[in-house]
Amino acid sequence: MNKFYIETFGCQMNVHESEKIAGILSGRGLYAADSAADADVIVFNTCCIRDTAEKKIEGFIGELKALKRADPSKIIAVTGCMTQQIGRAEALKTRFPFIDVILGTANQYSIAEKIDRILALNKRKTCIEVLSDEKPCIREDVPILRTSYPNAWVNIMYGCNNFCTYCIVPYVRGRERSRNLSDIKAEIVSLLDAGYSEITLLGQNVDSYGSDFSDGTNFYGLLKELSTIKGKFRLRFMTSHPKDLSEDVIKIIADTPNFCKNIHLPVQSGSDAVLKAMNRKYTRDRYFYLIDLIRRYMPECGITSDIMVGFPGETERDFADTTDLVERVRFQNAFTFVYSPRAGTPAADMEQLPQAVKKDRITRLVALQNRISDEISLEYLGKTEEILAEDSPRPGVLVGRTDSGRLVSFGGEKSEIGKFFNVKINENKASALFGERV
Ligand code: 5AD
Ligand code: SF4
């Protein structure tokens, strides 16, 4: 029993959770393997945000059957959002009886004890532990094996209280819990001391940071505290909510050189009727107001978004409101999704649109956003931007982001990862930017 392999699906929150699972397993003396085939312990950290994600994961879990048959001593663990849905753990056990342990989102830190128990019992019967606690305690003592140098993910809060009618997250991640400001700051300071150059704050809705403390702590206060940290580094955060993003927050980002001029602000829809049905609690006018505010304080800010089509009841007129908003705001980039009904959420019980309508709208939206992203890419040509070098799969090539969040590839060696370079951008190929160091 000496090697583990973690397959991660879904958002950055999960990527970071997997770093904690890796930290726990390596604390037990296990080493990271290069593939599932090569590992004694295989962990699937899952996502259930859309049906496509779930189908893909189920396909991958199915493939483990052959590995398990070839070597029954392998331990297979499944955790993450998928397991936390009502009845899902039992269904997984029935469909994939070779899974050894299924852990909910609040139970994943007990993975090492579960493995010990399986080994001690020396017989295989799926062990399920999925707590339904909506407010599990925040654990500050979990070791972390970081895998994204020079970036370090830092949770500032867990869970979500918003209950957008399409979204499963509040059901599988529980209510909002904020970490103590002093714990967050101490973690960041020690990461910077250890050589990390970029910190990304994580929360389902960072703008409501601290609202569970009822002592006035808020996201602006956290940023203000973090703005006092000395030295050169980059700070990003995700995700903001248009109902909560404040002028104070926009202003402090604009005023603090270490804070990246890059805001991810999911709009979901440009139609007031759809936003209301989604329970988003803002209007398209409020969204335009925020965009104006951001651009007024930071004309160079990279603004990105999440946009959904095919929400129940979305008319062609509603969709036209979305494309109109996209044309007017001109997002640097956007993640575009087809609405996917999630069992147990209010929108799943509404009357659904035909698949063909959804497909037609997503095709048009993607074409529009691609055109805009491409036009914005062209604006970068000839500019020299400061880039923080990250690893890339190609030898002799590094990638990195501009302050505004655009990815740029340029020549460099692995030993240069984590350093800042001035890069002159001179090529745009299919929305990928290339440049050379100056
Ligand atoms: N169907 C499609 N997209 C969804 N998202 C959340 N729930 C769903 C769903 N049921 C999208 C939203 C969110 C992003 C993380 O995923 O756009 O911002
Ligand atoms: Fe889901 Fe809305 Fe919470 Fe985001 S804010 S996680 S979309 S419920």
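Visitor: In which sense do strand β17 and β19 pair, and over how many bridges?

Guide: Strand β17, residues 407-411, pairs with β19 in the parallel sense, and two bridges connect them. The model is a predicted one. One bridge partner can be named: Ser409 is matched with Phe434 in β19.

Visitor: How many bridges link β18 and β19, and is that pairing parallel or antiparallel?

Guide: The pairing of β18 with β19 is antiparallel and extends over six bridges. Phe434 in β19 appears here as well, as the bridge partner of Glu427. The two strands β18 and β19 form a hairpin with two residues between them. In that turn, Ala430 has a positive phi of about 45°.

Visitor: How should side chains be read along such strands?

Guide: In a regular strand, the side chains alternate between the two faces of the sheet.

Visitor: In what order do the five strands of the barrel close?

Guide: The order is β15-β16-β17-β19-β18, and the pairing is mixed. From one strand to the next, the twist averages 50°. Helix α12 packs on this sheet, where it touches β15, β18 and β19. The direction of α12 makes about 130° with that of β18.

Visitor: How do β15 and β16 run, and which residue stands opposite Ala389?

Guide: β15 and strand β16, residues 397-401, run antiparallel and are joined by three bridges. Opposite Ala389 stands Gly400 in β16.

Visitor: What span does helix α12 reach, and what is expected?

Guide: For a helix, one compares the distance between its end C-alpha atoms with the span expected at 1.5 Å a residue. Helix α12 comprises residues 355-380, 26 residues in total, and reaches 37 Å from the first C-alpha to the last, close to the expected 38 Å. Just after α12, Gly382 takes a positive phi of about 90°.

Visitor: Which residues of α12 are buried, and what covers them?

Guide: The buried residues are Lys358, Arg361, Ile362, Leu365, Leu368, Gln369, Ile372, Ser373, Ile376, Ser377 and Tyr380. Their cover includes the strands β13 (302-309), β14 (333-338), β15 (384-390), β18 (420-429) and β19 (432-437). Helix α11 (316-329) is also included in that cover.

Visitor: Why is Asp374 classed as partly exposed?

Guide: Asp374, which is found in helix α12, is called partly exposed because its relative accessible area is 30%, and that class lies between the buried limit of 20% and the exposed limit of 50%. Leaving aside residues up to four places away in sequence, Asp374 touches Asn428, Ala430 and Ser431. Ala430 is the residue of the hairpin turn with the positive phi.

Visitor: How many strands form the open sheet, and which are its edge strands?

Guide: Six strands form the open sheet, in the order β2-β1-β3-β4-β5-β6, with parallel pairing. The edge strands are β2 (31-32) and β6 (127-129), each of which pairs on one side only. Within this sheet, strand β1 (residues 3-8) runs parallel to strand β3 (residues 41-46), and five bridges join them. Tyr5 stands opposite Ile42 in β3.

Visitor: Which residues are around ligand 2, and how do they divide by character?

Guide: The shell around ligand 2 divides into seven nonpolar residues, three polar and one charged. The residues around ligand 2 include Cys160, Cys164 and Cys167, together with Asn162, Phe163 and Tyr166. Also around the ligand are Val169, Pro170, Gln204, His241 and Arg280.

Notes: Residues numbered from 1 in each chain as written. Chains lettered and ligands numbered in written order. Predicted model: local features only at pLDDT ≥ 70, side-chain atom pairs only at ≥ 80, totals over all residues. Heavy atoms only, no water. Helix = DSSP H or I, 4+ residues; strand = E, 2+ residues; numbered from the N terminus. Expected span 1.5 Å × (residues − 1). Buried < 20%, exposed > 50% of the residue type's maximum accessible area, 1.4 Å probe, protein only. Contact = heavy atoms within 4.5 Å. Near = heavy atom within 4 Å. Nonpolar A, V, L, I, M, F, W, Y, C, P; charged D, E, K, R; others polar. Pairing = 2+ DSSP bridges. Axes fitted to C-alpha atoms, helices over the stretch in contact; angles between N-to-C directions.
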